[in-house]
Amino acid sequence: MATASSNWWMAGSATIEREKSRVLIADDQEDVREALRLMLKGEGFAAHFARSPREVLAALEEREFDVLLMDLNYTRDTTSGREGLELLEEIQSLAPHLAVVVMTAWGTVELAVEAMRRGARDFVEKPWDNARLVSILRTQAKLSRALLRERRLRAENRRLSGTDSGPPALVAESPAMAQVLELMSRCGPTDAPLLLTGENGTGKSLIARHLHETSPRKSGSYLAVNAGALPEGTFESELFGHVKGAFTDARSERIGRFEAADGGTLFLDEIANVPVAQQAKLLRVVESGELERVGSSRTRTVDVRLISATNSDLDREVDEGRFRRDLLYRLNTIIIHLPPLRDRDEDIRLLAELFLQRHRQRYRRPVVGFGEDAVAALHRHAWPGNVRELDHAVERAVLMAAAEQIHARDLGLQESGDGELPGFESMTLEEAERWLIERAMRRHGGSVKAAAEQLGLSRGALYRRLERYGL
């Protein structure tokens, strides 16, 4: 059955993992199952077998597997692959994160493409090449385990943070947030691409996470990528992956963020900063789900819901030639605009209380509430950094408070507006830099590009400072 040389059994003897990868093999031919059993035993896999689609589904109900290696043709229909394609659809609902590799003796390009579209990760033809098949199974098993670890860590983080019972809490009682909630309730349960707009710090990442947790993909992976923080030289590798030797530092094969988020949601923040040279490749993935890793000509298919976000005016970016119009049309099927915190006065106190409880537990501080002067200061402040700035201010106040209540002085809010730098002589260099950045961001309405130009920084350098200061 196999076409590789007779010493195939030596290829993986030194790389058997401490815990055997669990492979479910589905084929109705006994000689095929026996050949695979002998090969995989020598390669350190724990193999289980099924003879029909019904047995496959029963096995998946009983235990977890790292990889399913399945034939596309069974006794009912031995040529078309229809039984296998129907089984793939059932597997997507029963075990959406299972890595599936399909094989058939009647393989065609069209059948392979259709299998990949329905959720298969890879495709091999009979008679198979032993070395290639083992390599595919090892790669897919490692990927499945990595995704499983990520899901378990995410679940544990939710449990420890007290949010295990559902999606992250949203504080949105102000009239300004009513339309946001309405749009979220309508489009959250769909697979439609979403574009989140609004100033920096308005909570776009929280909304993206909430949309994922309330969608049919909530059991899948959720990955967030800040496009503005990715160097242009590694952008393609980060999103699409690369093969070993694709470039100087590519010492091993690596999957990209799209493949890692397969079956789940990818949140691409600061979408306006995607390099123009890469926008065509991003458009292709959004349109067809197809991509190639850097250095590879092999097309892979992923099923990812894309949620993107920006604080830029994408229509203006299109007019000025920095963003593709066709990509914008693919991303903005539904636009959700998040209002700035200054337009959400009813939510300020509620958000501050939420952050207070979070930080007092984190730092084990005996702070129980806000004094009247602190409440007045919270409502008086313009919040150029929006919700993120409020979170940072409350965290600082929890650490600085000398009593059970937080007072205005503990918040450290500047009351000088856009005037002269207050207390310049007594400020540290970091405090002065933070004030200048806040002032530039406020003056330019949250535009990172304009603020960076005023400050004489690159956009990437300004992004790093915004993250450092919690702005």
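This is a short walk through one predicted protein model, from the whole chain down to a few single residues.

Okay, some ground rules before we look around. Residues are numbered from 1 along each chain as its sequence is written, and side-chain values use heavy atoms, with hydrogens and water left out. Since the model is predicted, local features need pLDDT of at least 70 and side-chain atom pairs count only at pLDDT 80 or more, while totals for chains, interfaces and linings use all residues.

Let's start with the whole chain. You'll find 19 helices and 16 strands in it. Those come from DSSP runs, numbered from the N terminus: H or I with at least four residues for a helix, E with at least two for a strand. The chain has 471 residues, and 48% of them count as buried. Buried here means under 20% relative accessible area, exposed means over 50%, and partly exposed is in between, using a 1.4 Å probe and protein chains only. The accessible surface is about 23000 Å², and carbon and sulfur atoms own 50% of that. Those areas come from the Shrake-Rupley method with a 1.4 Å probe; for residues, only the protein chains shown count as cover.

One more number for the whole chain. Take the contacts between residues at least 6 apart in sequence: 71% of them join residues at least 24 apart. A contact is heavy atoms within 4.5 Å.

Now, the sheet. In what order do the 5 strands of the open sheet run? Reading across, the order is β2-β1-β3-β4-β5, with parallel pairing. Two strands pair if DSSP finds at least two bridges between them. At the edges sit β2, residues 46–50, and β5, residues 122–125, each pairing on one side only. On average, neighbouring strands of this sheet are turned by 20° against each other, ignoring direction. For angles like that, axes are lines fitted to C-alpha atoms, for helices over the stretch in contact, and angles run from 0 to 180 degrees between N-to-C directions.

Two helices pack on this sheet. Helix α1, residues 30–42, touches β1 (22–26), β2, β3 (67–71) and β4, and its direction makes about 170° with that of β2. Helix α2, residues 53–62, touches β1, β2 and β3, at about 160° to the direction of β1.

Let's stay with β1 for a moment. Because 4 of its 5 residues are buried, β1 is largely enclosed by the rest of the structure. With β2, strand β1 makes 5 parallel bridges, and Ile25 has Phe49 in β2 as its bridge partner. With β3, strand β1 makes 4 parallel bridges, and there Ala26 stands opposite Met70.

Put β1, α1 and β2 together and you get a right-handed β-α-β unit. Right-handed means that, with the strands pointing away from the viewer, the path from the first strand over the helix to the second runs clockwise.

Over at the β5 edge, strand β4, residues 99–104, pairs with β5 in the parallel sense over 4 bridges. Met103 is opposite Val124 there. Past β5, in the loop leading to α5 (130–160), comes Pro127. A cis peptide bond joins Lys126 to Pro127, with omega about -5°.

Next, aromatics. How many aromatic pairs does a search of the whole structure find? The answer is 1. Rings of Phe, Tyr and Trp (its six-membered ring) pair if their centres lie within 6.5 Å; planes under 30 degrees apart count as stacked, over 60 as edge-to-face and the rest as tilted. Here the rings belong to Phe240 and Phe258, with centres 5.9 Å apart and planes at 20°, so the pair is stacked. Phe240 is in helix α8 (235–240) and Phe258 in helix α9 (257–260), so the pair ties together parts 18 residues apart in sequence. Phe240 is buried at 2% relative accessibility, and Phe258 is buried with a relative accessible area of 2%.

Last stop: backbone oddities. Most residues other than glycine have a negative phi. Arg364, though, has phi near 55°, and Asn386 has phi near 60°. Buried or exposed: what is Arg364? Arg364 is exposed, with a relative accessible area of 75%, and belongs to the loop between α13 (345–363) and β15 (369–370). Asn386, in helix α15 (386–400), is buried at 0%.

That's the tour, thanks for listening.
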